[in-house]
Amino acid sequence: MPTNTFTDLCRINVKGGDGGAGCMSFRREAFVPKGGPDGGDGGNGGSVILEADPQLSSLIDYRFKHHFRAERATHGRGARRHGSDGKDLVLRVPLGTVVRELDPETMEPAFDIADLTHAGQRVVVAPGGMGGRGNIHFVTSVRRAPAFAEKGEPAREHWIELEMKLMADAALVGMPSVGKSSLIARLSAARPKIADYPFTTLAPNLGMVRSRTGASFVVADVPGLIEGASEGRGLGHEFLRHIERTALILHVVDMTGGYEQRDAIEDYEAINAELKAYASELADRPQIVVANKCDMPGTGGSIERLRAVAERDARPFFAVSAATGMGLAELTTRCALEVAALRRSLALDTPEDDIDMSALAERRRQQRDRAVNIRMESTGIWRVGGGAVERMVVQTDWENDEAVIYLQHRFDKIGLDDKLVKAGCKVGDEVRILGYAFTFEGDGRDDGQVGPDDLDELPSDAFYVEGD
């Protein structure tokens, strides 16, 4: 596979479409002197969605293009005409793609969003902004003619990381030039580049192997590792990630020692040490030791020494030759049996009511959205954050007094005043939400609700824009 067509790690900027604004309108027509409100709702913005596609083998589509935007919605209109929703933007990624949220300040991974391992699995990475409600929604028994509507919610723009980890049953690992590419070419229909110099393979290759029993499994040829790979030396972290998903490790050792005349036992121990250093659970992963190039003269002593070490570690040992095919039939049969057993074990370990990762990611996103975060920025100044509470603020028409009163009513419904008091906020302190701030006056109302008659009670300087 050409190196310029393989990409397994990238970062992209995603943004859903902005929501449309609700309409403030009243019915006006002949013979209807007191028509009621009829403002339509704004549409919801489109979302950016990732979908796992088994036909893709790389993240090459996101190597050069990094910004993706979904379509924005349209505004509501009079006569109860609602705005249209924006179209979703579906981005297709390979199976085995891990999606992570990046911290906006450090650009380091903050948390996992989803792990797309099944064909067609989807996850929303940038939800569209909610459309604002028209004034038809704010009619009450005492507010018969609401003269305000909600603005559309701007969609959040953020960076995410996409990391592809190969979905293979077994992985060929070992030092450079031990014959891994020759093995996968001999065992499957894969045709990787094969040459007599180190690091010939610069991108993982996948091949389907069928044993004599008819059972089949997918094997990955991972580029050669060297000492220090777990710390990033050589191709290190670039391809160690592809071993994490494999159920079985085929540890290939060159019995000839290669051009550097390396010792087979030292190579075996070095690779195992790097696997353990990169991820401790890899040391306990089922492993088959494959002694390659056993057709070469003078390899008998090295073969027996390595066989003894493999038996010490309770690992199956096979002496093979990718050049002549010696021992490969027995190796593939044993691999097929091991993979089948591991698949059965995995099926037993997976509960039948296993929760879909994309649905779980959406629930977690909604939980984070509903959370209200309060922190003290400095003495007497408090910052309130959270998706839901910030949405209330951005959807408020601050030039409309009725809209501001309704915002206070929404704050009361979620118990924001109580949360501020518990956090330590005192009467007279300044509370900031996004670019707005107000003076905290506590909850002095008997019922904790804000009605339309409370407009006169709201101080004129209760809310202001930071910087005014």
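## The chain as a whole

Let's start with the inventory: the protein chain holds 9 helices and 19 strands. Please keep in mind that this is a predicted model. Of the 468 residues in the protein chain, 48% are buried. The area that the protein chain exposes comes to about 23,300 Å², and carbon and sulfur atoms account for 50% of that area.

Contacts give another view of the fold. Take those between residues at least 6 apart in sequence: 72% of them join residues at least 24 apart.

## A five-stranded sheet

One sheet is worth following strand by strand. Its 5 strands come in the order E3-E1-E8-E5-E6, and the sheet is open, with mixed pairing. At its edges sit strand E3 (67-69) and strand E6 (109-116), each of which pairs on one side only. On average, neighbouring strands of this sheet are turned by 30° against each other, ignoring direction.

Moving in from the E6 edge, you meet strand E5 (residues 97-102). E5 and E6 run antiparallel, and 6 bridges join them. For a specific pair to look up in your viewer, try Val-98, whose bridge partner in E6 is Asp-115.

## Helix H3

Helix H3 covers residues 264-278, which is 15 residues. How far apart should its ends be? At 1.5 Å a residue, the expected span is 21 Å. The C-alpha atoms at the two ends of H3 are 21 Å apart, so the model agrees with that expectation.

The start of H3 has a contact you may want to display: a side-chain oxygen of Asp-263 comes to within 3.1 Å of the backbone nitrogen of Ile-265. Ile-265 itself is buried. Other buried residues in H3 include Ala-264, Asp-267, Tyr-268, Ala-270 and Ile-271. Further along H3, Asn-272, Glu-274 and Leu-275 are buried too.

## Two positive phi angles in loops

If you like to check backbone torsions, here are two residues to visit. Ala-79 is not a glycine, yet its phi is positive, near 60°. Ala-79 is found in the loop between E3, an edge strand of the sheet above, and strand E4 (89-93).

The other residue is Lys-293, also not a glycine, with a positive phi of about 65°. The loop that holds Lys-293 runs between strand E13 (287-292) and helix H4 (300-312). Is Lys-293 buried or partly exposed? Its relative accessibility is 25%, and buried would require under 20%, so Lys-293 counts as partly exposed.

Notes: Residues numbered from 1 in each chain as written. Predicted model: local features only at pLDDT ≥ 70, side-chain atom pairs only at ≥ 80, totals over all residues. Heavy atoms only, no water. Helix = DSSP H or I, 4+ residues; strand = E, 2+ residues; numbered from the N terminus. Expected span 1.5 Å × (residues − 1). Buried < 20%, exposed > 50% of the residue type's maximum accessible area, 1.4 Å probe, protein only. Polar contact = N/O pair within 3.5 Å; in protein donor to acceptor, adjacent residues only side chain to side chain. Pairing = 2+ DSSP bridges. Axes fitted to C-alpha atoms, helices over the stretch in contact; angles between N-to-C directions. Contact = heavy atoms within 4.5 Å. Areas by Shrake-Rupley, 256 points an atom, 1.4 Å probe, with all protein chains shown as cover.
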